[in-house]
Amino acid sequence: GTKWITFGGSYPGTLAAVMRLKHPDQVYGAISTSGPLLAKADFREYLGVVRKALEAQSPDCMPAIEQASQILRNWYLDSSGGGGRQMLCELFDYCGPYNEDYFANFYAGVTFAFMGAAQYNNFESDDPQRNVKLLCGIMTDTLLGTLLKYWES
């Protein structure tokens, strides 16, 4: 006779809702926050939510991220010995192999930092991967980008 209530956020939120749907006789209620209820293999809309969170923090944040993204791509494509791949190795410990599959995995890892900041945003956190304000501050700090501007020029 115990009345159970399931709860969760994000994917655990989906689990909470599905549990209630599949077992209404056992689960009295469900609280699902931000739970993706319709499964998709390529959920690109999520990055739109991340973009909005970053843009809401600072109008300069997304342009800085897009510029950094292009620099990473240029470094990956630099097979001429110009130093791009060396920068990837030194700054990110991505030292190859240099092919599209490995680069896609590396790039996804970089992207997760931005996704995590947007999803778990906590303005009291001192971790930029959990604080959009700190993350955008880093991305727009021109003093931190001196080395990158030197390489790109």
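1. T142 is a convenient place to begin, since this residue is exposed, with a relative accessible area of 54%, and that value is over the 50% cut-off for the term. In this predicted model, T142 lies in the loop between α6 and α7, the latter spanning 146-152. For a sense of distance across the structure, the C-alpha atoms of T142 and Y94 are separated by 24 Å, while the two residues are 48 residues apart along the chain.

2. The disulfides deserve attention next, and the structure holds two of them. A disulfide is a covalent bond between the sulfur atoms of two cysteines. When the bonded cysteines are counted along the chain, the disulfides of the protein follow the pattern 1-4, 2-3.

3. One of these links joins C61 to C136, with an S to S distance of 2.2 Å. This pair links distant parts of the chain, for C61 is in helix α3 (residues 61-77) and C136 is in helix α6 (residues 132-140), 75 residues apart. The angle about the S-S bond is -85°, and the link of C61 and C136 is left-handed. As for accessibility, both C61 and C136 are buried.

4. The other link to examine joins C89 to C95, and here the S to S distance is 1.9 Å. With 85° about the S-S bond, the link of C89 and C95 is right-handed. Are these two cysteines buried or exposed? C89 counts as partly exposed because its relative accessibility is 29%, and C95 is likewise partly exposed, with a relative accessible area of 40%.

5. Helix α3, which contributes C61 to the disulfide with C136, can also be described by its own dimensions. α3 has 17 residues and reaches 25 Å from its first C-alpha to its last, which is close to the 24 Å expected at 1.5 Å a residue. The buried residues of α3 are C61, M62, A64, I65, S69, I71, L72, W75 and Y76, whereas E66, a residue taken up again below, is partly exposed, with a relative accessible area of 39%.

6. Turning to charged side chains, the count comes to five salt bridges. Side chains of opposite charge can pair when their charged atoms come close. One of the salt bridges is formed by the side chains of D42 and R44, which meet at 2.8 Å, N to O. Within this pair, D42 is partly exposed, with a relative accessible area of 45%, while R44 is exposed, with a relative accessible area of 62%.

7. R51 calls for a point of its own, and a reader may ask which residues are joined with R51 into one network by salt bridges. The side chains of E55 and R51 meet in a salt bridge of 3.2 Å, N to O, and because these two residues are four residues apart in helix α2 (residues 45-57), they are separated by about one helical turn. R51 also forms a salt bridge with E66, where the closest N and O atoms are 2.5 Å apart. Since R51 lies in helix α2 and E66 in helix α3, this pair ties together parts that are 15 residues apart in sequence. Salt bridges that share partners thus join R51, E55 and E66 into one network. Of the two residues in α2, E55 is partly exposed, with a relative accessible area of 38%, and R51 counts as partly exposed at 31% relative accessibility.

8. The strands offer a further feature to inspect, starting with β1 (residues 4-9), where T6 has its place. β1 and strand β2 (residues 27-33) pair in the parallel sense over six bridges, and the bridge partner of G9 in β2 is T33. Together with helix α1 (residues 11-22), β1 and β2 make a right-handed β-α-β unit.

9. Finally, is T6 buried or exposed? T6 counts as buried because its relative accessibility is 19%, and buried means under 20%. If residues up to four places away in sequence are not counted, T6 touches A16, M19, V27, G29, A30 and I31.

Notes
Residues are numbered from 1 along each chain as its sequence is written. This is a predicted model: local features need pLDDT of at least 70, side-chain atom pairs count only at pLDDT 80 or more; totals for chains, interfaces and linings use all residues. Side-chain values use heavy atoms; hydrogens and water are left out. A disulfide is a pair of cysteine sulfur atoms within 2.5 Å. Buried means under 20% relative accessible area, exposed over 50%, partly exposed in between (1.4 Å probe, protein chains only). Contact means heavy atoms within 4.5 Å. Two strands pair if DSSP finds at least two bridges between them. A crossover is right-handed if, with the strands pointing away from the viewer, the path from the first strand over the helix to the second runs clockwise. A salt bridge is a side-chain nitrogen of Lys or Arg within 4 Å of a carboxyl oxygen of Asp or Glu. The expected span of a helix is 1.5 Å times one less than its number of residues.
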